[in-house]
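This report is for a reader who is meeting the structure below for the first time. Please keep the sequence and the 3D view at hand while reading.

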Amino acid sequence: MSTTRGPISQFIEKNYLHFNAAALMDAAKGYETHLTEGGKMMVTIAGAMSTAELGISLAEMIREGKIDIISCTGANLEEDIMNLVAHSHYKRVPNYRDLSPQDEWDLLENHYNRVTDTCIPEEEAFRRLQKHIYKIWKDADTNGERYFPHEFMYKILLSGELEQYYEIDPKNSWMLAAAEKNLPIVVPGWEDSTMGNIFASYVIKGEVKATTMKSGIEYMAWLADWYPKNSGGKGVGFFQIGGGIAGDFPICVVPMLYQDMEMTDIPFWSYFCQVSDSTTSYGSYSGAVPNEKITWGKLDINTPKFIVESDATIVVPLIFAWILKQ
């Protein structure tokens, strides 16, 4: 066991020896090896990982250069910022399994939106962000400028406008860390998020043009340009947190370049790990084992492949702790 590592790493290396625990260790060591050998890494984020405060470890990963690009849902994009500006107003409901329909209705009436055991406050989170982001959307619209969803979020964070509301240590916001590094992000299906819904409402009301927000197709075209430029040498790895569009969208860039753009020398993803509690059944994409991705032209026969079938809120901070030698 390496003595240069901190207590978390030493603990998991000593105790995580079998089953999903061993898979966690193997995946962490594989991630580390990939970076050591000069590879780059995409991390994809589904579920409510920002509300689960993954930013505590993810932000440090970004600052330390352990992540080169992120794909995430619109919810994760905005919920990290909401946690940054409204943390003290969140409401925890440990007994969420016991809530009746009336209890849920009462939360709605009190402007709380529940994500499992955590309720996001509508006024302090959603509306606070809306008030400031609308001006940036409107200015771009008026000036005939177009940006990606994450670029608008970077603008609001880097402007300093939200600093007056900060309620957590800014070092624990992964979006702030990403903005400061101008980290590449793709946000497929951004319209399936609260800010996406709000933007759509302004489009319907005629206040902004839909084209002011760059689209998912443009994200794919951008990724198709980024991937060949970054896949030389050891190549780009793929670390998937959860399933869904955050993972399905970007992984497809490789077969698209190979099959549809006829770039037959395009490298496969050179590391793959999925952390998810979804299992393979009834045609589930999110639970598909890595070998299935070989048939879709995403992974090579020899790509190191790992799957940890467990709760990402528990597993991912431990993997990140290993990579950060904590």
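The sections below take up the core, one helix, the aromatic pairs, the pocket and two single residues of this predicted model.

## The nonpolar core

The largest nonpolar core has 95 residues. Trp174 and Phe239 are the residues with the most contacts inside this core. Among the elements, helix α14 (residues 312-323) gives the most to the core, with eight residues. In soluble globular proteins, nonpolar side chains tend to be buried together.

Phe239 is also part of a cluster linked by ring pairs. The other members of the cluster are Tyr31, Tyr271, Phe306 and Phe320.

## Helix α8 and tryptophan 174

Helix α8 covers residues 174-181, and six of its eight residues are buried. The buried ones are Trp174, Met175, Leu176, Ala177, Ala178 and Ala179. They pack against three strands, β1 (40-45), β2 (69-72) and β6, and against the helices α3 (55-63), α4 (74-86) and α7 (149-158). Just after α8, asparagine 182 has a positive phi of about 50°.

Which residues does tryptophan 174 touch, not counting those up to four places away in sequence? They are Ile45, Ser50, Gly55, Leu58, Ala59, Ile62, Ile70, Cys72, Asn76, Leu77, Asp80 and Ile185.

## Aromatic pairs around tryptophan 137

The model has 16 aromatic pairs. One of them joins tryptophan 137 and tryptophan 190, which meet edge-to-face, 6.3 Å centre to centre and with 85° between the planes. Tryptophan 137 lies in helix α6 (residues 122-142), while tryptophan 190 lies in the loop between β6 (185-186) and α9 (194-204), so the pair ties together parts that are 53 residues apart in sequence. Both tryptophan 137 and tryptophan 190 are buried.

Tryptophan 137 also forms an edge-to-face pair with tyrosine 202, at 6.2 Å centre to centre and 70° between the planes. Because tryptophan 137 is in helix α6 and tyrosine 202 is in helix α9, this pair ties together parts that are 65 residues apart in sequence. Is tryptophan 137 buried or exposed? Its relative accessible area is 1%, so tryptophan 137 is buried. Tyrosine 202 counts as buried too, at 9% relative accessibility.

## The largest pocket

The largest pocket has a volume of about 600 Å³. Its lining is made up of 27 residues, and those nearest the centre are Ala48, Ala52, Val115, Thr116 and Thr313. Two elements, β3 (91-92) and α14, give two or more residues to the lining. Helix α14 is also the element that gives the most to the largest nonpolar core.

By class, 10 of the lining residues are nonpolar, 11 are polar and six are charged.

## Two single residues

Glutamate 32 lies in helix α2 (residues 19-36). Is glutamate 32 buried or exposed? With a relative accessible area of 16%, glutamate 32 is buried, because the cut-off for buried is under 20%. Leaving aside neighbours within four places in sequence, glutamate 32 is in contact with Arg5, Trp322, Ile323 and Lys325.

Valine 203 is found in helix α9. Its relative accessible area is 27%, so valine 203 is partly exposed. Not counting residues up to four places away in sequence, valine 203 touches Val208, Lys209 and Ala210.

Definitions and conventions. Residues are numbered from 1 along each chain as its sequence is written. This is a predicted model: local features need pLDDT of at least 70, side-chain atom pairs count only at pLDDT 80 or more; totals for chains, interfaces and linings use all residues. Side-chain values use heavy atoms; hydrogens and water are left out. A nonpolar core is a set of buried Ala, Val, Leu, Ile, Met, Phe, Trp, Tyr and Cys residues joined through side-chain atoms within 4.5 Å. Buried means under 20% relative accessible area, exposed over 50%, partly exposed in between (1.4 Å probe, protein chains only). Helices (H or I, at least four residues) and strands (E, at least two) are DSSP runs, numbered from the N terminus. Contact means heavy atoms within 4.5 Å. On a 1 Å grid over the protein atoms alone, a cavity is a set of points where a 1.4 Å probe fits but cannot get out, and a pocket is an open set with protein on both sides within 12 Å along at least five of seven lines; lining residues have an atom within 4 Å of a point. Grid points are joined across faces, edges and corners, and a volume is the space filled by probe spheres set on the points. Ala, Val, Leu, Ile, Met, Phe, Trp, Tyr, Cys and Pro count as nonpolar, Asp, Glu, Lys and Arg as charged, and the others, Gly among them, as polar. Rings of Phe, Tyr and Trp (its six-membered ring) pair if their centres lie within 6.5 Å; planes under 30 degrees apart count as stacked, over 60 as edge-to-face and the rest as tilted.
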